[in-house]
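Here's a quick walk through one chain, written for someone who likes to know the cut-offs before trusting the words. Have a look at the structure first, then read on.

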Amino acid sequence: MGFPSELFHSKPAENVVCHVCLDVFENPQNLQCGHTFCHGCIAKLEGTSCPFCKFPYATVTTSPNGLMRGLVGNLLIRCKNNAPPQKHGETPTLRPHSGNCPWVGKLSEWPNHHKADCSLE
């Protein structure tokens, strides 16, 4: 439910990766034990324990992780219309249009680029 690592200009650090979906956090939320997961991943959790440390809960309560959201928002990504070079025989998954958009910027800036600036949209 997070952001695929292929979107990023360089490989994201392990501390910004959700342990449920193995993607970069999207809308990161903390559980009571302090572990962080994507909001969508927590919403799909079954059971009453942290999927990482197994800390038990009577009810699962989350809180937004603003610090992690800021860290992820500052990571550099490529436009989805400029996917990384594909390996021989691999099907492109992030480039729905032909062409290559040269834009590279912060993840937090991508919605503006996508809506207004990308000539390939």
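Let's fix the vocabulary: a residue is buried under 20% relative accessible area, exposed over 50%, and partly exposed in between, using a 1.4 Å probe and protein chains only. Helices (H or I, at least four residues) and strands (E, at least two) are DSSP runs, numbered from the N terminus. This is a predicted model, so to speak with its own filters: local features need pLDDT of at least 70, side-chain atom pairs count only at pLDDT 80 or more, and totals for chains, interfaces and linings use all residues. Residues are numbered from 1 along each chain as its sequence is written, and side-chain values use heavy atoms, with hydrogens and water left out.

Start with helix α2, residues 66-73. M68, V72 and G73 are buried there. They sit on the same side of α2, because they cover an arc of only 135 degrees around the axis (the arc is taken over the directions from the helix axis to the C-beta atoms). G66 and L67, on the other side of α2, are exposed. What do the buried residues of α2 pack against? Their partners are β1 (28-30) and β5 (104-106), where contact means heavy atoms within 4.5 Å. At the N-terminal end, N65 acts as the cap of α2, with a side-chain oxygen 3.4 Å from the backbone nitrogen of L67; a polar contact is a pair of N or O atoms within 3.5 Å.

V72 turns up again in the largest nonpolar core, which has 21 residues; V72 is among those with the most contacts inside it, along with F8, C18, F25, L31 and F37. Such a core is a set of buried Ala, Val, Leu, Ile, Met, Phe, Trp, Tyr and Cys residues joined through side-chain atoms within 4.5 Å. β2 (36-38), α1 and α2 each supply at least two of the core's residues. Leaving out residues up to four places away in sequence, F37 touches a list including C18, F25, L31, I42 and F52.

Two non-glycine residues have positive phi:

| Residue | Phi | Relative accessibility |
|---|---|---|
| N27 | near 55 degrees | 32%, partly exposed |
| K54 | about 65 degrees | 55%, exposed |

N27 is in the segment before β1, while K54 lies in the loop between α1 (39-43) and β3 (63-64).

On confidence, pLDDT is the predictor's score for each residue, from 0 to 100. The chain averages 83, and 83% of the residues score at least 70. Over residues 89-97 the pLDDT is below 50, though this stretch has 18 contacts in the model beyond near neighbours in sequence. Where pLDDT is low, the predicted coordinates should not be read in detail.

Conventions: A polar contact is a pair of N or O atoms within 3.5 Å; within protein, one must be able to donate a hydrogen and the other to accept it, and residues adjacent in sequence count only if both atoms are side-chain atoms.
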